[in-house]
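Could you walk me through this protein structure, starting with its overall make-up and then moving on to the details? I am new to it and would like to follow along residue by residue.

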Amino acid sequence: MNGGCIDREASFDLTGDCIILPAKDIRLTGEKQSQQAALKWTVIGENQVEHYEVEHATSPAGPFKFVGTTLPKHPQGDNQYTFLHDAPMSGDNYYRIKVKSTKGQIGYSNVISLNWTDSRIAVYPVPASQTVYVSVSGKQPRDLRIQLFTLNGQLLQEKTERRIR
């Protein structure tokens, strides 16, 4: 059959209820805007969508928690949506979109990650001759390794501080 390219034929009978997802594709993107997560998603083939739920987690494995709802645009089809999350956590933030159809079917977008670090490090004066000051501030304690180098790249001093805030 078909010049030897296909050497066997198969057929399938599908029975039961077919599940038609409320969208063919949901592509989520996002960016940090000051202290907010600006999320944007593009929907291809939107069909019988009841609403979109924005979900947030601090781990890629979840648990994901509800942070907001967006209603579908009319007419449904191919559309873009935006959402601002006002309360991202310090560190990694994971987002996804849950879409629910009018018939109860559920689909999900891809998962994205945005990172907020509350730590600030200042080193002064630069250049230095005798004394160098290092100022560290942040909400979460962390280990900090400090290395001081000459202008020629030679290591002068190295120090590790534990649980710095």
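How many helices and how many strands does the secondary structure of the protein chain come to? The count is zero helices and 12 strands. Read along the sequence, the pattern is therefore β-β-β-β-β-β-β-β-β-β-β-β. Please keep in mind that this is a predicted model. The protein chain has 165 residues, and buried residues make up 28% of them.

Let us begin with a sheet. Strands β1, β2 and β5 form an open sheet of three strands, in the order β1-β2-β5 and with antiparallel pairing. Strand β1 (25-33) and strand β5 are at the edges, where each has a single partner strand, so one side of each is left without a neighbour in the sheet. From one strand to the next, the twist averages 20 degrees. As general background, strands of a sheet pair through backbone hydrogen bonds, either parallel or antiparallel.

Now look at the two pairings in turn. β1 and β2 are joined in the antiparallel sense over nine bridges, and here L28 stands opposite W41 in β2. On the other side, strand β2 (residues 36-44) pairs with β5, again in the antiparallel sense, over seven bridges. In this pairing A38 stands opposite L84 in β5.

Strand β5 (residues 79-85) is worth a slower look. In a regular strand the side chains alternate between the two faces of the sheet. In β5, the covered face holds N79, Y81, F83 and H85, while Q80, T82 and L84 make up the uncovered one. So L84, the residue opposite A38, belongs to the uncovered face, and Y81 belongs to the covered face.Y81 also leads us to the aromatic rings. A pair of aromatic rings is described by the distance of the centres and the angle of the planes. There are three aromatic pairs by the rule used here. In one of them, the rings of W41 and Y81 have centres 5.7 Å apart and planes at 20 degrees, so this pair is stacked. W41 in strand β2 and Y81 in strand β5 are 40 residues apart, and the pair links these distant parts of the chain. Are these two residues buried or exposed? W41 counts as buried because its relative accessibility is 0%, and Y81 counts as buried because its relative accessibility is 3%.

Y81 has another ring partner, Y52. The centres of the Y52 and Y81 rings lie 4.9 Å apart and their planes are at 45 degrees, so the pair is tilted. This pair also links distant parts of the chain, with Y52 in strand β3 (residues 49-57) and Y81 in strand β5, 29 residues apart. Y52 is buried, with a relative accessible area of 0%. Taken together, W41, Y52 and Y81 form one aromatic cluster.

Next come the charged residues. The count of salt bridges is three. One of them joins E53 and K98, whose closest N and O atoms are 4.0 Å apart. E53 lies in strand β3 and K98 in strand β6 (residues 91-101), so the pair ties together parts that are 45 residues apart in sequence. Both E53 and K98 are buried. Another salt bridge connects R96 with E55, and here the closest N and O atoms are 2.5 Å apart. This pair links strand β6, which holds R96, to strand β3, which holds E55, with the two positions 41 residues apart in the numbering. E55 is buried, at a relative accessible area of 7%.

The salt bridge between R27 and D25 has its closest N and O atoms 3.4 Å apart. Where do these two residues stand, buried or exposed? Each falls in between: R27 is partly exposed, with a relative accessible area of 44%, and D25 is partly exposed, with 31%.

Finally, here are two more places to visit. W116 is in strand β8 (residues 112-116), and this residue counts as buried at 5% relative accessibility. The C-alpha atoms of W116 and Q35 are separated by 8.1 Å, although the two residues are 81 residues apart along the chain. On the surface, I121, V123, V126, V132 and V134 make a nonpolar patch of about 420 Å². One of them, V132, is found in the loop between β9 (120-124) and β10 (133-137). V132 is partly exposed, with a relative accessible area of 32%.

Technical notes. Residues numbered from 1 in each chain as written. Predicted model: local features only at pLDDT ≥ 70, side-chain atom pairs only at ≥ 80, totals over all residues. Heavy atoms only, no water. Buried < 20%, exposed > 50% of the residue type's maximum accessible area, 1.4 Å probe, protein only. Helix = DSSP H or I, 4+ residues; strand = E, 2+ residues; numbered from the N terminus. Pairing = 2+ DSSP bridges. Patch = residues over 30% accessible without salt bridge, like charges linked within 9 Å, V, L, I, M, F, W, Y side chains within 5 Å. Areas by Shrake-Rupley, 256 points an atom, 1.4 Å probe, with all protein chains shown as cover. Salt bridge = Lys/Arg side-chain N within 4 Å of Asp/Glu carboxyl O. Axes fitted to C-alpha atoms, helices over the stretch in contact; angles between N-to-C directions. Phe/Tyr/Trp six-rings, centres within 6.5 Å; stacked < 30°, edge-to-face > 60°.
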